[in-house]
Protein chains: 2
Amino acid sequence: MRGLGTRTVVYQQNVAASLGLYNNDFLSVDILREKGPITAGELSKLTGLATGSVTALIDRLEKNRYVRRQNDPNDRRKVIIVPLYENKEDVIDTYLPLHTAMVTLAASYTDEELALISQFLGKASTVLDEQIDHLSSTTRSKSSS
Amino acid sequence: MRGLGTRTVVYQQNVAASLGLYNNDFLSVDILREKGPITAGELSKLTGLATGSVTALIDRLEKNRYVRRQNDPNDRRKVIIVPLYENKEDVIDTYLPLHTAMVTLAASYTDEELALISQFLGKASTVLDEQIDHLSSTTRSKSSS
(Lines give C-alpha, C1' and ligand atoms only; values in the text may rest on other atoms or scores of the structure.)
Protein backbone atom coordinates (compact mmCIF):
# COMPACT_ATOMS: atom_id res chain seq x y z
CA MET A 1 0.00 0.00 0.00
CA ARG A 2 2.83 2.40 0.95
CA GLY A 3 4.70 1.86 -2.33
CA LEU A 4 1.49 2.24 -4.32
CA GLY A 5 0.74 5.47 -2.41
CA THR A 6 4.11 7.04 -3.24
CA ARG A 7 3.74 6.08 -6.90
CA THR A 8 0.23 7.52 -6.99
CA VAL A 9 1.52 10.89 -5.74
CA VAL A 10 4.41 10.90 -8.26
CA TYR A 11 2.04 9.82 -11.06
CA GLN A 12 -0.44 12.62 -10.26
CA GLN A 13 2.38 15.18 -10.18
CA ASN A 14 3.52 13.97 -13.59
CA VAL A 15 -0.04 14.20 -14.97
CA ALA A 16 -0.33 17.76 -13.60
CA ALA A 17 3.06 18.72 -15.10
CA SER A 18 2.10 17.17 -18.42
CA LEU A 19 -1.08 19.31 -18.47
CA GLY A 20 0.83 22.43 -17.37
CA LEU A 21 -1.12 22.64 -14.08
CA TYR A 22 0.00 23.14 -10.49
CA ASN A 23 -0.32 19.97 -8.41
CA ASN A 24 -3.07 21.39 -6.19
CA ASP A 25 -5.01 22.71 -9.19
CA PHE A 26 -5.04 19.28 -10.75
CA LEU A 27 -5.91 17.63 -7.43
CA SER A 28 -8.87 20.03 -7.11
CA VAL A 29 -10.10 19.06 -10.58
CA ASP A 30 -10.05 15.44 -9.43
CA ILE A 31 -11.85 16.22 -6.16
CA LEU A 32 -14.52 18.29 -7.97
CA ARG A 33 -15.04 15.51 -10.46
CA GLU A 34 -15.71 13.05 -7.64
CA LYS A 35 -17.70 15.28 -5.27
CA GLY A 36 -19.60 17.23 -7.95
CA PRO A 37 -20.31 20.97 -7.58
CA ILE A 38 -19.17 22.26 -4.16
CA THR A 39 -18.47 25.68 -2.65
CA ALA A 40 -14.99 27.22 -2.41
CA GLY A 41 -15.17 26.69 1.37
CA GLU A 42 -15.80 22.96 0.92
CA LEU A 43 -12.95 22.70 -1.58
CA SER A 44 -10.68 24.47 0.91
CA LYS A 45 -11.59 21.91 3.56
CA LEU A 46 -11.13 18.92 1.22
CA THR A 47 -7.73 20.05 -0.09
CA GLY A 48 -6.46 21.45 3.21
CA LEU A 49 -5.57 24.72 1.42
CA ALA A 50 -6.24 28.21 2.86
CA THR A 51 -9.34 29.97 1.44
CA GLY A 52 -7.19 32.67 -0.19
CA SER A 53 -5.16 30.04 -2.06
CA VAL A 54 -8.38 28.32 -3.14
CA THR A 55 -9.77 31.57 -4.60
CA ALA A 56 -6.63 32.01 -6.75
CA LEU A 57 -6.73 28.32 -7.67
CA ILE A 58 -10.38 28.57 -8.85
CA ASP A 59 -9.51 31.71 -10.86
CA ARG A 60 -6.78 29.78 -12.69
CA LEU A 61 -8.98 26.73 -13.31
CA GLU A 62 -11.86 28.93 -14.53
CA LYS A 63 -9.52 30.73 -16.92
CA ASN A 64 -8.40 27.37 -18.37
CA ARG A 65 -12.02 26.17 -18.47
CA TYR A 66 -11.58 23.26 -16.07
CA VAL A 67 -14.36 24.66 -13.86
CA ARG A 68 -16.92 27.45 -13.82
CA ARG A 69 -18.49 29.38 -10.93
CA GLN A 70 -22.27 29.59 -10.80
CA ASN A 71 -25.00 30.47 -8.30
CA ASP A 72 -26.25 27.45 -6.38
CA PRO A 73 -29.75 26.74 -7.80
CA ASN A 74 -30.82 25.59 -4.29
CA ASP A 75 -29.47 28.70 -2.54
CA ARG A 76 -28.90 31.80 -4.66
CA ARG A 77 -26.65 33.39 -2.03
CA LYS A 78 -24.10 30.62 -2.51
CA VAL A 79 -21.60 30.29 -5.36
CA ILE A 80 -20.66 26.75 -6.34
CA ILE A 81 -17.74 25.48 -8.42
CA VAL A 82 -18.88 23.23 -11.27
CA PRO A 83 -16.31 20.83 -12.80
CA LEU A 84 -16.03 20.94 -16.60
CA TYR A 85 -13.64 18.03 -16.42
CA GLU A 86 -15.14 15.62 -18.91
CA ASN A 87 -14.94 18.19 -21.71
CA LYS A 88 -11.20 18.42 -21.48
CA GLU A 89 -9.82 16.08 -24.11
CA ASP A 90 -6.22 16.64 -23.00
CA VAL A 91 -7.03 15.28 -19.52
CA ILE A 92 -8.70 12.23 -21.06
CA ASP A 93 -5.73 11.73 -23.42
CA THR A 94 -3.25 11.99 -20.54
CA TYR A 95 -5.11 9.38 -18.50
CA LEU A 96 -5.77 7.06 -21.45
CA PRO A 97 -2.56 4.97 -21.26
CA LEU A 98 -3.13 4.36 -17.51
CA HIS A 99 -6.76 3.51 -18.15
CA THR A 100 -5.81 1.02 -20.90
CA ALA A 101 -3.10 -0.59 -18.73
CA MET A 102 -5.49 -0.94 -15.77
CA VAL A 103 -8.17 -2.50 -17.99
CA THR A 104 -5.57 -5.01 -19.22
CA LEU A 105 -4.54 -5.75 -15.62
CA ALA A 106 -8.19 -6.20 -14.57
CA ALA A 107 -8.80 -8.60 -17.48
CA SER A 108 -6.34 -11.07 -15.91
CA TYR A 109 -8.68 -11.57 -12.92
CA THR A 110 -12.03 -13.37 -12.64
CA ASP A 111 -15.24 -11.43 -11.86
CA GLU A 112 -15.20 -12.87 -8.36
CA GLU A 113 -11.59 -11.79 -7.76
CA LEU A 114 -12.31 -8.30 -9.12
CA ALA A 115 -15.31 -7.98 -6.79
CA LEU A 116 -13.05 -8.77 -3.82
CA ILE A 117 -10.36 -6.31 -4.99
CA SER A 118 -12.94 -3.54 -5.61
CA GLN A 119 -14.44 -4.11 -2.18
CA PHE A 120 -10.99 -3.84 -0.60
CA LEU A 121 -10.16 -0.63 -2.52
CA GLY A 122 -13.50 0.88 -1.44
CA LYS A 123 -12.83 0.04 2.20
CA ALA A 124 -9.26 1.38 1.95
CA SER A 125 -10.74 4.64 0.54
CA THR A 126 -13.05 4.92 3.55
CA VAL A 127 -10.09 4.33 5.90
CA LEU A 128 -8.17 7.13 4.13
CA ASP A 129 -11.18 9.50 4.41
CA GLU A 130 -11.27 8.90 8.15
CA GLN A 131 -7.51 9.39 8.44
CA ILE A 132 -7.65 12.67 6.47
CA ASP A 133 -10.39 13.94 8.83
CA HIS A 134 -8.32 12.87 11.82
CA LEU A 135 -5.09 14.45 10.52
CA SER A 136 -6.63 17.73 9.40
CA SER A 137 -8.37 18.20 12.77
CA THR A 138 -5.09 17.39 14.61
CA THR A 139 -3.14 19.86 12.45
CA ARG A 140 -5.79 22.56 12.97
CA SER A 141 -5.78 22.12 16.74
CA LYS A 142 -1.95 22.22 16.76
CA SER A 143 -1.77 25.47 14.77
CA SER A 144 -4.51 27.16 16.83
CA SER A 145 -2.90 26.26 20.16
CA MET B 1 -8.76 3.25 -8.13
CA ARG B 2 -9.27 6.90 -9.12
CA GLY B 3 -11.05 7.77 -5.85
CA LEU B 4 -8.36 5.97 -3.84
CA GLY B 5 -5.68 7.86 -5.79
CA THR B 6 -7.16 11.29 -5.00
CA ARG B 7 -7.51 10.38 -1.31
CA THR B 8 -3.92 9.13 -1.22
CA VAL B 9 -2.67 12.49 -2.52
CA VAL B 10 -4.82 14.45 -0.02
CA TYR B 11 -3.73 12.13 2.81
CA GLN B 12 -0.03 12.56 1.98
CA GLN B 13 -0.47 16.36 1.85
CA ASN B 14 -2.09 16.25 5.28
CA VAL B 15 0.74 14.10 6.66
CA ALA B 16 3.29 16.55 5.24
CA ALA B 17 1.39 19.54 6.72
CA SER B 18 1.13 17.78 10.07
CA LEU B 19 4.93 17.29 10.08
CA GLY B 20 5.54 20.88 8.93
CA LEU B 21 7.14 19.70 5.66
CA TYR B 22 6.62 20.77 2.05
CA ASN B 23 4.73 18.14 0.00
CA ASN B 24 7.72 17.37 -2.22
CA ASP B 25 10.05 17.14 0.77
CA PHE B 26 7.82 14.55 2.38
CA LEU B 27 7.37 12.69 -0.91
CA SER B 28 11.16 12.54 -1.26
CA VAL B 29 11.49 11.07 2.24
CA ASP B 30 9.05 8.34 1.13
CA ILE B 31 10.90 7.71 -2.13
CA LEU B 32 14.28 7.54 -0.35
CA ARG B 33 12.87 5.13 2.18
CA GLU B 34 11.71 2.79 -0.60
CA LYS B 35 14.67 3.11 -3.00
CA GLY B 36 17.40 3.35 -0.34
CA PRO B 37 20.40 5.70 -0.77
CA ILE B 38 20.37 7.37 -4.21
CA THR B 39 22.10 10.38 -5.79
CA ALA B 40 20.50 13.83 -6.06
CA GLY B 41 20.23 13.25 -9.83
CA GLU B 42 18.27 10.05 -9.32
CA LEU B 43 15.96 11.77 -6.82
CA SER B 44 15.42 14.56 -9.34
CA LYS B 45 14.38 12.01 -11.96
CA LEU B 46 12.09 10.09 -9.57
CA THR B 47 10.28 13.22 -8.30
CA GLY B 48 10.23 15.05 -11.61
CA LEU B 49 11.74 18.11 -9.88
CA ALA B 50 14.53 20.26 -11.37
CA THR B 51 18.03 19.57 -9.98
CA GLY B 52 18.20 23.05 -8.39
CA SER B 53 14.97 22.43 -6.48
CA VAL B 54 16.25 19.03 -5.37
CA THR B 55 19.46 20.57 -3.96
CA ALA B 56 17.41 23.01 -1.83
CA LEU B 57 15.06 20.18 -0.84
CA ILE B 58 17.97 17.96 0.33
CA ASP B 59 19.41 20.94 2.26
CA ARG B 60 16.10 21.32 4.15
CA LEU B 61 15.76 17.58 4.81
CA GLU B 62 19.38 17.35 5.98
CA LYS B 63 18.84 20.30 8.35
CA ASN B 64 15.78 18.54 9.85
CA ARG B 65 17.70 15.25 9.98
CA TYR B 66 15.42 13.31 7.63
CA VAL B 67 18.44 12.49 5.41
CA ARG B 68 22.18 12.90 5.32
CA ARG B 69 24.62 13.27 2.42
CA GLN B 70 27.60 10.92 2.30
CA ASN B 71 30.19 9.74 -0.20
CA ASP B 72 29.12 6.62 -2.08
CA PRO B 73 31.29 3.79 -0.62
CA ASN B 74 31.31 2.18 -4.11
CA ASP B 75 32.34 5.36 -5.94
CA ARG B 76 33.99 8.09 -3.84
CA ARG B 77 33.34 10.73 -6.52
CA LYS B 78 29.58 10.35 -6.00
CA VAL B 79 27.50 11.80 -3.17
CA ILE B 80 24.47 9.78 -2.12
CA ILE B 81 21.46 10.79 -0.03
CA VAL B 82 20.85 8.41 2.86
CA PRO B 83 17.35 8.31 4.43
CA LEU B 84 17.25 8.64 8.23
CA TYR B 85 13.53 7.98 8.13
CA GLU B 86 13.12 5.21 10.67
CA ASN B 87 14.68 7.37 13.39
CA LYS B 88 11.99 10.02 13.14
CA GLU B 89 9.41 9.19 15.77
CA ASP B 90 7.06 11.96 14.65
CA VAL B 91 6.75 10.35 11.19
CA ILE B 92 5.98 6.98 12.78
CA ASP B 93 3.47 8.59 15.15
CA THR B 94 1.75 10.39 12.26
CA TYR B 95 1.40 7.17 10.26
CA LEU B 96 0.40 5.02 13.25
CA PRO B 97 -3.40 5.58 13.09
CA LEU B 98 -3.42 4.68 9.36
CA HIS B 99 -1.23 1.67 10.01
CA THR B 100 -3.57 0.46 12.79
CA ALA B 101 -6.69 1.00 10.64
CA MET B 102 -5.15 -0.88 7.70
CA VAL B 103 -4.14 -3.80 9.95
CA THR B 104 -7.75 -3.95 11.21
CA LEU B 105 -9.05 -3.89 7.62
CA ALA B 106 -6.61 -6.64 6.59
CA ALA B 107 -7.71 -8.80 9.52
CA SER B 108 -11.20 -9.07 7.97
CA TYR B 109 -9.77 -11.03 5.01
CA THR B 110 -8.45 -14.60 4.78
CA ASP B 111 -4.76 -15.25 3.98
CA GLU B 112 -5.75 -16.37 0.49
CA GLU B 113 -7.76 -13.18 -0.14
CA LEU B 114 -4.92 -11.02 1.18
CA ALA B 115 -2.46 -12.78 -1.14
CA LEU B 116 -4.70 -11.93 -4.10
CA ILE B 117 -5.10 -8.28 -2.99
CA SER B 118 -1.33 -7.90 -2.39
CA GLN B 119 -0.60 -9.36 -5.78
CA PHE B 120 -3.02 -6.91 -7.40
CA LEU B 121 -1.51 -3.93 -5.52
CA GLY B 122 1.98 -5.00 -6.60
CA LYS B 123 0.90 -5.24 -10.23
CA ALA B 124 -0.89 -1.88 -10.03
CA SER B 125 2.37 -0.38 -8.65
CA THR B 126 4.28 -1.75 -11.65
CA VAL B 127 1.66 -0.27 -14.01
CA LEU B 128 2.07 3.13 -12.30
CA ASP B 129 5.88 2.92 -12.57
CA GLU B 130 5.56 2.34 -16.31
CA GLN B 131 3.06 5.20 -16.64
CA ILE B 132 5.32 7.59 -14.70
CA ASP B 133 8.21 6.72 -17.05
CA HIS B 134 5.94 7.22 -20.04
CA LEU B 135 4.55 10.57 -18.79
CA SER B 136 7.89 12.03 -17.70
CA SER B 137 9.49 11.20 -21.06
CA THR B 138 6.49 12.72 -22.91
CA THR B 139 6.65 15.89 -20.79
CA ARG B 140 10.42 16.17 -21.31
CA SER B 141 10.13 15.82 -25.08
CA LYS B 142 7.29 18.42 -25.12
CA SER B 143 9.28 20.98 -23.14
CA SER B 144 12.45 20.50 -25.20
CA SER B 145 10.62 20.88 -28.52
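1. In this predicted model, A:Pro37 touches a run of residues far from it in sequence: leaving aside neighbours within four places, its contacts are A:Ile80, A:Ile81, A:Val82 and A:Pro83. A:Pro37 itself sits in the loop that connects helix H2 (23–35) to strand E1 (38–39) of chain A. The C-alpha atoms of A:Pro37 and A:Ile81 are 5.2 Å apart, although 44 residues separate the two along the chain. With a relative accessibility of 45%, A:Pro37 is classed as partly exposed, because that value falls between the 20% and 50% limits.

2. The two chains share an interface to which each contributes 54 residues in contact with the other. Together, chain B and chain A bury about 5,400 Å², and 67% of this area is on carbon and sulfur atoms. Between the chains there are twelve residue pairs in polar contact, both residues being at pLDDT 80 or more. On the side of chain B that touches chain A, the elements giving two or more residues are helix H1 (2–19), helix H2 (23–35), helix H3 (40–47), helix H5 (89–107) and helix H6 (111–144) of chain B. The greatest contribution to this side comes from H6(B), with 19 residues. Sorted by class, this side of chain B comprises 27 nonpolar, 17 polar and ten charged residues.

3. The nonpolar interior deserves separate attention. The largest nonpolar core contains 78 residues, and within it A:Phe120 and B:Phe120 have the most contacts. What does B:Phe120 touch, leaving aside its neighbours within four places in sequence? Its contacts are A:Met102, A:Leu105, A:Tyr109, A:Ile117 and A:Leu121 in chain A, together with B:Met1 in chain B.

4. Salt bridges come next. Side chains of opposite charge can pair when their charged atoms come close. The structure holds twelve salt bridges over all chains, and four are found across the interface of chain B and chain A. In one salt bridge, the side chains of B:Arg7 and A:Asp129 meet at 2.9 Å, N to O. This pair crosses between chains, running from helix H1 of chain B, which holds B:Arg7, to helix H6 (residues 111–144) of chain A, which holds A:Asp129. Is each partner buried or partly exposed? B:Arg7 counts as buried because its relative accessibility is 13%, under the 20% limit. A:Asp129, in turn, is partly exposed at 30% relative accessible area.

5. Other salt bridges lie within a single chain. B:Asp59 and B:Arg69 form one, with their closest N and O atoms 3.0 Å apart. The pair links distant parts of the chain, ten residues apart: B:Asp59 belongs to helix H4 (residues 51–63) of chain B and B:Arg69 to strand E2 (residues 67–72) of chain B. Both residues are partly exposed, B:Asp59 at 39% relative accessibility and B:Arg69 at 30% relative accessible area. Salt bridges with shared partners also join A:Arg7, B:Glu34 and B:Asp129 into one network. In chain A, the side chains of A:Arg77 and A:Asp75 meet in a salt bridge at 3.1 Å, N to O. A:Arg77 counts as exposed because its relative accessibility, 77%, is over 50%.

6. B:Gln12 is a polar residue in helix H1 of chain B. Is B:Gln12 buried or exposed? B:Gln12 counts as buried, since its relative accessibility is 9%. Its side chain makes a polar contact with the side chain of B:Asp30 at 3.2 Å. Beyond its neighbours within four places in sequence, B:Gln12 is in contact with residues of both chains: A:Gly5, A:Thr6 and A:Val9 in chain A, and B:Phe26, B:Asp30 and B:Tyr95 in chain B.

7. The last residue considered is B:Asp90, which is found in helix H5 of chain B. B:Asp90 and B:Ser18 are 72 residues apart in sequence, while their C-alpha atoms lie 9.5 Å apart in space. Leaving aside neighbours within four places in sequence, B:Asp90 is in contact with B:Leu19 and B:Tyr66. At 36% relative accessibility, B:Asp90 counts as partly exposed.

Definitions and conventions:
Residues numbered from 1 in each chain as written. Chains lettered and ligands numbered in written order. Predicted model: local features only at pLDDT ≥ 70, side-chain atom pairs only at ≥ 80, totals over all residues. Heavy atoms only, no water. Core = buried A, V, L, I, M, F, W, Y, C linked by side-chain atoms within 4.5 Å. Buried < 20%, exposed > 50% of the residue type's maximum accessible area, 1.4 Å probe, protein only. Contact = heavy atoms within 4.5 Å. Buried area = accessible area lost by both parts, 1.4 Å probe. Polar contact = N/O pair within 3.5 Å; in protein donor to acceptor, adjacent residues only side chain to side chain. Helix = DSSP H or I, 4+ residues; strand = E, 2+ residues; numbered from the N terminus.
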